[in-house]
Structure formats: structure tokens, C-alpha cells
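Thanks for sharing this one. Here are a few notes to read alongside the model.

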Amino acid sequence: MSKLFIAGEVFHGAGSLSELANIKGKKAVIVTGGSSMRKSGTLDKAVAYLTEAGIETKIFEGVEEDPSSATCLKGAEVINAFQPDWIIGLGGCSAIDAAKIMWVFYEYPDVEFDALIKPFTVPVLRNKAKFIAIPSTSGTGTETTGLAVITDREKGVKYPVVSYELTPDVAIIDGEICASMPAHVTSNTGLDALTHCVEAYVSNIDNNIADALSKGGLEIVFDNLKEAVENPNNIVARQNMHDASFMAGLAFNNAWLGIVHSLSHQVGALYGIPHGASNAIFLPNVIRYNSAATSRFPDLARVIGKETTEELAQAIETLRSEVNNQSGIKEFGISREDWDKNLDYIANNALVDPCTGFNPRVPTLDELKAIYNACYEGVVYAEEVVAG
């Protein structure tokens, strides 16, 4: 028997932000990032809907990209002083992920962040508050996952905090919120959703529901991402990508991910490379690497009119280029000297990343280093790279 883990209530479609007016409660804290939600008017709309519902609202702004545990502690102090019964993550994945950990610290003020790193160690939540996720980017699926990625700035490591306790009670998936998303963010986040579809489908957890969502999400991304990048005001394409992101998040929340994410977490933490961009660099070569352990990639290839594993990898590379994303890590200005200096460190961290345990092929340290090096240069990974 399996249990399907999903946000408690899901509202999706253009204009679905208005569902906030139907929330029952007394107080809410909205956690958001920089100024994009305020500039677009989305933050004011959210507050107005909550006011209509009779809910007093406080705002915590300024969550940075790749949020730190320090930011989460700071936000928890504000939340604890206000004592809300709802916590709302509004914005990109960073804001929502940070809000999730603030929620933990609010309910358990004495818990240490290091105690949350081991998978499924978050204590039981909802003693003080419930959680609403309202994404403004179409990529991570954090609005329906038991996952929050938090960065330890001192160690230069991204930690995926994994627990179904973190799965939101309410998800609002409104494509209109994404209309102001810049093209490069649309591209990065869309490729992140694509990666979730692929990794969830080939993970070592069998789940028919996750499989169907992965295939469906993959098809939607290939059909809509380029349009969403080139024509940002196309709300149909925006909503389709938002739905695909949710589908991909729901898929991996029940089947989990693999070494694309293990590799990406490290370069994101150490070099600040956007997560979706690094995923898109690693994904084709990880497909080639994993093809020795699974025969499932042709299933995904057929969804987009291809036949073979290699054709799938090449189609992803083509889409990556069409939406103006990088093909190699060195394109981010990282010198070979700097890369070589840190290679052992990031490869060791990738080896013990929680996502590695769900990969269809068990990697060695040398294999991860070989994939890293191929992706640094932006060249095709081949097994002989390891042997040589």
C-alpha cells in the first residue's frame, strides 16, 4: 500500500489567488522575497483578499535567493511575535522554502537547523499554524512538496530538508501571478520542472501516479516553455507551465529525485548558479549515465515524438538552447583552476546528498566527478571518461 502525498487543497487557474478571501482564521504572516510581488501588485491583492476574509496580516519581506538558515530564524522571530494561525509563502521557491522552515522554527523554537537535515526528521507540525503556498515561478513545485532547500552560507552547502510535514495545506496555482516573471527566470524554472519530470519517472521508487504526472508534465513543458519565454503575457502558456510545475512537484514528492539535483545543489551553494540552469546542464549527461541502469528513458522520449534515450537527451539540449540557457558550467565564469580546486569537495557532497539515494544507478565518487567535468566543459558524457 502507498499513500499519495499532496497539498491538502489545490486551487489552480488564472485568478485563483482570490481563494484567499475564503480562508478561515484570525492572523496570517506572508513571507515573500524582494520586491517583485509588491511591484506586480500581487502582494497588495493577497492582503486585500485576506482582509476580506477578516484575517489580520503581517508581512515578512526580503527572503534572498537560496535562503539561509539565518534568514529562516529571523523570520521565525517575527512570526512568533505575531502568533498567526496561517503562514503564507508568496513568491519564488526561495520565499516558500524559507517560509516552510520558519514554520518549523515557529512551532519548535528550540530546534536546531542541523537536526532537520536528516530526511524525515521534522517534528509534527500544525500545532500553531497551517501553511499556504502561492508560487510566482513555474519550476520547483514546492507548493505541493515536503521539501525545502536551505543554504548553509558558512559551509557553502545546500541542504534539502525533506519531510512530508512540510507539504502545504493549501496550494494556489495562479498563472496570472507569473506574467511579470523575466524571461531568464521563466527559462530556468521551466527547465527545473522538466528535470523533476524526468528524475521522478526513473527514480528507484515505483509509483504509477507519479509516472503519469511525469509524462504529462514533460509534454506540457515541451509544448509551452518556449512560448512562455518569448511571449510572457500569454496567460494560457503561463498557466500551462504553472500546472506542469505542480504536476512535476507532485510526481517527485511521491517518487523523489536523483543525482541531477545532488550535483546541482552543490554548484548552486558554492557558485550561486541558478538551480534550473544547472539542472538543465546536468540532465542530458545524467540521462546518458543512468541509461546503463534503467530502460525507462525511451518511454519519455516517445511522449515528445522521439524514440531513444539519446534522442531524449538531445531534445532537452535543443530546448535548453531555444530558451537561451547555458550548456556548460564554465559559461558562468568559473575558471578551470577554481573548478579543479573544489571538485573533490562538491563531488563528495553530491555523493551524500539525500537525492542520490533515489537515483536508478548507484554512483561512485569518480563517476560523479566525471559527470561534473563533462558538464563543466559542456561536452557529452561517455563511460570511457571514467575508465580513462
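1. In which hand does H5 pass H7, left or right? The crossing is left-handed, meaning that the near helix is turned anticlockwise from the far one by less than a right angle. Do keep in mind that this is a predicted model, where local features need pLDDT of at least 70, side-chain atom pairs count only at pLDDT 80 or more, and totals for chains, interfaces and linings use all residues. Residues are numbered from 1 along each chain as its sequence is written, and side-chain values use heavy atoms, without hydrogens or water.

2. Helix H5 (residues 183–202) and helix H7 (residues 235–255) have axes that come within 8 Å and cross at roughly 35°. On the H5 side, the contact (heavy atoms within 4.5 Å) includes Gly 190 and His 196, and on the H7 side Arg 238 and Phe 252. Its residues divide into eight nonpolar, four polar and one charged.

3. The aromatic pairs (ring centres within 6.5 Å) come to 13. Among them, Phe 282 and Tyr 372 meet edge-to-face, at 5.6 Å centre to centre and 75° between the planes; edge-to-face requires planes over 60 degrees apart. Phe 282 belongs to helix H9 (residues 275–290) and Tyr 372 to helix H13 (residues 365–377), so this pair ties together parts 90 residues apart in sequence. Phe 282 is buried (under 20% relative accessible area, 1.4 Å probe, protein chains only), at 0%. Tyr 372 is also buried, at 0%.

4. One aromatic cluster is formed by Phe 5, Phe 120, Tyr 164, Phe 252, Trp 256 and Phe 358. Phe 252 also takes part in the contact of H7 with H5.

Definitions and conventions: Axes are lines fitted to C-alpha atoms, for helices over the stretch in contact, and angles run from 0 to 180 degrees between N-to-C directions. Helices (H or I, at least four residues) and strands (E, at least two) are DSSP runs, numbered from the N terminus. Ala, Val, Leu, Ile, Met, Phe, Trp, Tyr, Cys and Pro count as nonpolar, Asp, Glu, Lys and Arg as charged, and the others, Gly among them, as polar. Rings of Phe, Tyr and Trp (its six-membered ring) pair if their centres lie within 6.5 Å; planes under 30 degrees apart count as stacked, over 60 as edge-to-face and the rest as tilted. Buried means under 20% relative accessible area, exposed over 50%, partly exposed in between (1.4 Å probe, protein chains only).
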